[in-house]
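Work through the exercises below with the coordinates open, and try each task before reading its solution.

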Amino acid sequence: MAGAVEAQLAELGLTLPAVVPPLASYQPAVQSGVYVYTSGQLPMVDGKLAVTGKVGAEVTPDEAKELAKTCALNALAAVKSVAGDLDRIKRVVKVVGFVASASDFTGQPAVINGASELLGAVLGDKGVHARSAVGVAVLPLDAPVEVEVQVELVDA
């Protein structure tokens with residue numbers, strides 16, 4: 001039975017995907033005490049990237065913002081894989097977003113807003129977080145965007 005968070009996802013027309021398998025030697029998420037830390041989540045859908053390239057060149061900022069939403073959705077799946085239930089999220093503490101950027105692209109914060117806005121729409125006040133949005137030269141698999149999330153869980 002889905003909890004309130006997954007019901008909110010459904011209301012938004014979204015489904016929690018399967019956890020994206022690691023591309024190398026790491027875990028998608030780990031829990032330490034009441035915190036869950038996700039590994040960087042790429043905008044994978046059904047096991048592959050729909051879009052590759054640099055934001056501001058091959059990928060538009062609007063496309064990248066949508067991809068950041070996908071990254072956040074994948075991060076929620078990773079959180080659930082270790083927390084067991086997304087309703088255990090007390091709050092999102094920190095989001096770090098990486099944007100593979102053309103050399104003159106400076107709109108990284110607007111791109112990562114896609115992830116932040118999704119977390120807010122799904123979790124309400126619990127989704128408000130600290131954040132970094134960083135431009136990088138390249139990401140794994142030539143992904144345009146990567147997002148990692150840290151959440152605090154309620155005790156249970």
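The exercises that follow concern strand pairing, salt bridges and a surface patch in a predicted model.

**Exercise 1.** Determine in which sense strand β5 pairs with β7 and in which sense β5 pairs with β6.

Solution. Begin with β5, residues 89-100, which pairs with β7 in the antiparallel sense over nine bridges, and find K94 standing opposite Q150 in β7. Turn next to β6, with which β5 pairs in the parallel sense over seven bridges; here V96 stands opposite S132. Finally, follow the chain from β5 through helix α3 (residues 108-123) to β6, a β-α-β crossover that is right-handed.

**Exercise 2.** Decide whether E152 and K90, whose side chains meet in a salt bridge, are each buried or partly exposed.

Solution. First locate the contact, where N and O lie 3.8 Å apart, and note that E152 in strand β7 and K90 in strand β5 are 62 residues apart along the chain. Then apply the cut-off: E152 has a relative accessibility of 16%, and it counts as buried because buried means under 20%. K90, by contrast, has a relative accessible area of 46% and is therefore partly exposed.

**Exercise 3.** Identify the residues that make the nonpolar surface patch of about 270 Å², and place L141 in the chain.

Solution. The patch is made by L23, Y26 and L141. Of these, L141 is found in the loop between β6 (130-136) and β7 (145-153), and its relative accessible area of 49% makes L141 partly exposed.

Technical notes
Residues numbered from 1 in each chain as written. Predicted model: local features only at pLDDT ≥ 70, side-chain atom pairs only at ≥ 80, totals over all residues. Heavy atoms only, no water. Patch = residues over 30% accessible without salt bridge, like charges linked within 9 Å, V, L, I, M, F, W, Y side chains within 5 Å. Areas by Shrake-Rupley, 256 points an atom, 1.4 Å probe, with all protein chains shown as cover. Salt bridge = Lys/Arg side-chain N within 4 Å of Asp/Glu carboxyl O. Helix = DSSP H or I, 4+ residues; strand = E, 2+ residues; numbered from the N terminus. Buried < 20%, exposed > 50% of the residue type's maximum accessible area, 1.4 Å probe, protein only. Pairing = 2+ DSSP bridges. Right-handed = clockwise from strand over helix to strand, strands pointing away.
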